[in-house]
Amino acid sequence: MSFINSYKGPKQSEVDISRLLTTEPGEFDVNSSIPVPTNLESERVHLVPFIPSLHAEVYYEGLSKDPDFAQYLPFAFPTFESLLLFLESFIRQDPSSVVFAIIDKTKTPAPSSLESKKIPNGRLAGMIGWLHGSPQNLSLEIGPVVILPEFQRTFVSANAIGLLLKYVLDLPHKASPLNKPSIRAAEKMGFVKEGVSRWTWVLSETKKGKKIDSGRGRGDGDGRDSVFLSLCWDDWEGGVRGMVLKRMERV
C-alpha cells in the first residue's frame with residue numbers, strides 16, 4: 001500500500017473535523033518530508049500511519065480511561081476535537097512530523113466494539129512518531145511516544161521503538177525530566193542522556209510543571225523542561241542493534 005504525500009493544510013481555524021473523520025485511508029495524505037515506510041512490522045507489533053477515520057476515536061477512548069495517564073505529556077486533549085486539531089495542526093501540517101498507530105497483533109478487539117470495526121487485525125496500543133525530521137542532516141526525534149495504559153510494561157513499547165530504529169538510525173529522543181519510566185525505557189533501548197533543555201514547552205492550564213510568574217507577562221501556563229537522549233549510527237553499529245532486537249523478542 002502506498003501513501004499520498006503532497007498535503008497542504010488549512011489554518012487551524014479552518015480545519016474541517018468532519019472531513020478528517022470521513023477521509024478514507026487510501027485518500028489520507030501523511031505529508032512527510034521523509035519517506036513513510038509502507039511496512040513497519042514485527043511478529044507482534046505493526047506500525048501504520050495514524051489515520052483519524054480509523055484510529056482517532058479508538059485512541060481517544062483508550063486515553064480517556066485513565067485521566068491521570070497524560071500528566072507527563074506537554075499537550076492535553078480535554079475533548080475529542082482537541083485531539084483531532086493536534087493531529088492536524090501540530091503533526092500533519094508539519095512535513096517534518098509523522099505519527100503512527102501502534103497495533104498489537106497478539107490481541108483481538110471485542111467482537112461488538114468500535115475497535116473491531118476500525119482495526120480488525122489487532123488492538124490499538126498507542127501512538128509513536130517522529131518530529132523535526134531533517135533529510136539534510138539525516139536526523140529526527142522520536143516522539144510523541146504514548147503507549148495506552150493497558151499496554152504499558154509489555155513488549156509493545158520496545159517493539160514500536162525498535163521498528164523505528166530499524167528504519168532510521170540517527171535519532172534524538174526527549175522526555176520530561178519527571179517522567180522517569182519514559183527515560184528508563186529510552187535508556188534500555190540504547191539511548192544515551194545528553195542533557196536537559198530548559199523551558200521547551202508552555203503547558204496548558206490543566207498541566208502542572210515549572211511555575212511561571214504570570215505577572216511578568218510570560219504566559220499563564222506552567223512550563224516544562226525536556227531531557228534529551230540520543231542514539232547515533234555508530235552506537236547502532238557498535239552493538240545497540242543487537243540489543244534492540246533482543247528486547248523486541250522479550251515477552
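## Exercises on helix crossings, a cavity and two backbone details

In this predicted model, helix α2 passes helix α3 in a right-handed crossing. The exercises below start from that pair.

**Exercise 1.** Describe how α2 and α3 are set against each other, and state which residues of α2 meet which residues of α3.

*Solution.* Two packed helices are described by the angle between their axes and the distance between the axes. For α2, which covers residues 52–63, and α3, the axes come within 10 Å and cross at roughly 135°. Angles over 145 degrees would count as roughly antiparallel and those from 65 to 115 as roughly perpendicular, and α2 and α3 are therefore oblique to each other. Turning to the residues, α2 brings P52, A56, E57, Y59 and Y60 to the contact, where they meet F80, L83 and L84 of α3. Sorted by class, the residues of this contact are seven nonpolar, no polar and one charged.

**Exercise 2.** Carry out the description for α5 and α7, and find out whether their crossing is left-handed or right-handed.

*Solution.* Begin with the axes: those of α5 (residues 156–167) and α7 (residues 233–249) come within 9 Å and cross at roughly 145°. The next step is the hand of the crossing, which for α5 and α7 is left-handed. On the α5 side the contact is formed by A158, N159, G162, L163, L165 and K166, and these meet W236, V244, L245, R247 and M248 on the α7 side. In this contact of α5 with α7 there are seven nonpolar, two polar and two charged residues.

**Exercise 3.** Find how many cavities of 30 Å³ or more the model holds, and work out which element gives the most residues to the lining of the largest cavity.

*Solution.* The count comes to one cavity of 30 Å³ or more, and the space in the largest cavity is about 110 Å³. Its lining consists of F28, V30, P49, F50, P52, L87, E88, I91, R92, V98 and V99. Two elements, α3 (80–92) and β3 (98–104), give two or more residues to this lining, and α3 gives the most, with four residues. By class, the lining has nine nonpolar, no polar and two charged residues. P52 thus appears in this lining as well as in the contact of α2 with α3.

**Exercise 4.** Locate the cis peptide bond between G143 and P144, and say where N31, a residue with positive phi, lies.

*Solution.* The peptide bond from G143 to P144 is cis, its omega being near -5°, and P144 belongs to strand β5, which spans residues 139–147. N31 is not a glycine, although its phi is positive, at about 55°. Following the chain, N31 is found in the loop between α1 (17–22) and β1 (40–41).

Conventions
Residues are numbered from 1 along each chain as its sequence is written. This is a predicted model: local features need pLDDT of at least 70, side-chain atom pairs count only at pLDDT 80 or more; totals for chains, interfaces and linings use all residues. Side-chain values use heavy atoms; hydrogens and water are left out. On a 1 Å grid over the protein atoms alone, a cavity is a set of points where a 1.4 Å probe fits but cannot get out, and a pocket is an open set with protein on both sides within 12 Å along at least five of seven lines; lining residues have an atom within 4 Å of a point. Grid points are joined across faces, edges and corners, and a volume is the space filled by probe spheres set on the points. Ala, Val, Leu, Ile, Met, Phe, Trp, Tyr, Cys and Pro count as nonpolar, Asp, Glu, Lys and Arg as charged, and the others, Gly among them, as polar. Axes are lines fitted to C-alpha atoms, for helices over the stretch in contact, and angles run from 0 to 180 degrees between N-to-C directions. Angles under 35 degrees count as roughly parallel, over 145 as roughly antiparallel, 65 to 115 as roughly perpendicular and the rest as oblique. A crossing is left-handed if the near helix is turned anticlockwise from the far one by less than a right angle, and right-handed if clockwise. Contact means heavy atoms within 4.5 Å.
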